[in-house]
Structure formats: C-alpha cells, structure tokens
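Biologist: I am new to this one, and I would like to understand the labels as well as the values. Could you walk me through it?

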Amino acid sequence: MIVLHEYPLSMVDHVGFRRFVGALQPLFKIGTRNMIRSDIMKHYEVEKKKAIEYMAGIQSRVAVTTDLWTSDNQKRGYMAITAHFIDESWTLRNIIMRFIYVPAPHTADVIGEELYESLVEWNLDEKISSVTLDNCTTNDACPYCK
C-alpha cells in the first residue's frame, strides 16, 4: 500500500494508521519505517536485476533520455535516466534505469559521468542509438553525450 499509493514511510509511525492496522488484524505487527525501507530496497534490487538481465537479451538499439532538476525545498539535484526500445513483439517499451541524486555543481563532467556509469551498469554502452538530454546549457559540453 505504501509503495502503490506513494505514501511516506513515516506513515507507519502515525497513531491512526497503527490503530487501523490493529483493527484489521490484531496479530499483525507493522514494522518500523527503516524495516519498510529495507524491504522496499530489497524488492527494488531484485526487480532491477531482472530488468538488467532482460535488457541484456534484447536485440534492438536503445534510446536514452535524461532529465535533471533541482528540488525547491531541498536544493538538491536529481536525474532520471530512461531507456526506450522496441521489444521482440515490436512494442515500444521504456524502463526507468536510474533516479539518482547528482551532487553539485551540475557540470557537464558530473552529469556525463553519472550517465556513463548508468549505461555501463546496465550493459547498454554498446547498444545506444541516441541520447536525448533536457534543455540545460550544461548538457552542450557533456563529454559522454556526443
């Protein structure tokens, strides 16, 4: 429920939520937010491994798109990297490869290095057909994006 509805992990600390869960099943013991986070990350790693293995087997080229933005409240930069490809059934598919914190300053070298590491981790560095970046002028100087 927390993942499906994108609720904050702190929800498990709310008294009302704990009462609700207890009313549904008194024997169920809800974990802490750290336990929930750990379970989510374990599930993520399993699904990521499956996705990487799937991508290793595709025969098509892969188009990659990225978007970098800075959160207003945290003043931290984040980048989403998405792979787009045609599967064996000729269906356009996409997979979010990474959603990562990008340390400041957001120079072309920093952005390019994060992108390159993602492509190598997913074994896509040899399958790239194109890379599309957002309209930030820093991207014009990205050494890995040319």
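Modeller: Gladly! Keep in mind that this is a predicted model. A search of the whole structure turns up four aromatic pairs.

Biologist: What makes Tyr54 and Phe85 an aromatic pair, and why is it called tilted?

Modeller: Their ring centres are 6.1 Å apart, and rings pair if the centres lie within 6.5 Å. The planes meet at 50°; under 30 degrees would be stacked and over 60 edge-to-face, so the rest, this pair included, count as tilted.

Biologist: What does that pair tie together?

Modeller: Tyr54 belongs to helix 2 (residues 33-57) and Phe85 to strand 2 (residues 77-86), so parts 31 residues apart in sequence are tied together.

Biologist: How do you know whether Phe85 is buried or exposed?

Modeller: Buried means under 20% relative accessible area, and Phe85 has 2%, so Phe85 counts as buried. Tyr54, at 27%, lies between the 20% and 50% cut-offs and is therefore partly exposed.

Biologist: And why is the pair of Tyr78 and Phe99 called stacked?

Modeller: Their planes are 10° apart, and stacked means under 30 degrees, so the label fits. The centres are 5.8 Å from each other. Tyr78 sits in strand 2 and Phe99 in strand 3 (residues 92-102), so this pair links parts 21 residues apart in sequence.

Biologist: Which of these two is buried and which is exposed?

Modeller: Tyr78 has 16%, under the 20% limit, so Tyr78 is buried. Phe99 has 52%, over 50%, so Phe99 is exposed.

Biologist: Which residues do ring pairs link into a cluster?

Modeller: Trp69, Tyr78, Phe99 and Tyr101.

Note on methods:
Residues are numbered from 1 along each chain as its sequence is written. This is a predicted model: local features need pLDDT of at least 70, side-chain atom pairs count only at pLDDT 80 or more; totals for chains, interfaces and linings use all residues. Side-chain values use heavy atoms; hydrogens and water are left out. Rings of Phe, Tyr and Trp (its six-membered ring) pair if their centres lie within 6.5 Å; planes under 30 degrees apart count as stacked, over 60 as edge-to-face and the rest as tilted. Helices (H or I, at least four residues) and strands (E, at least two) are DSSP runs, numbered from the N terminus. Buried means under 20% relative accessible area, exposed over 50%, partly exposed in between (1.4 Å probe, protein chains only).
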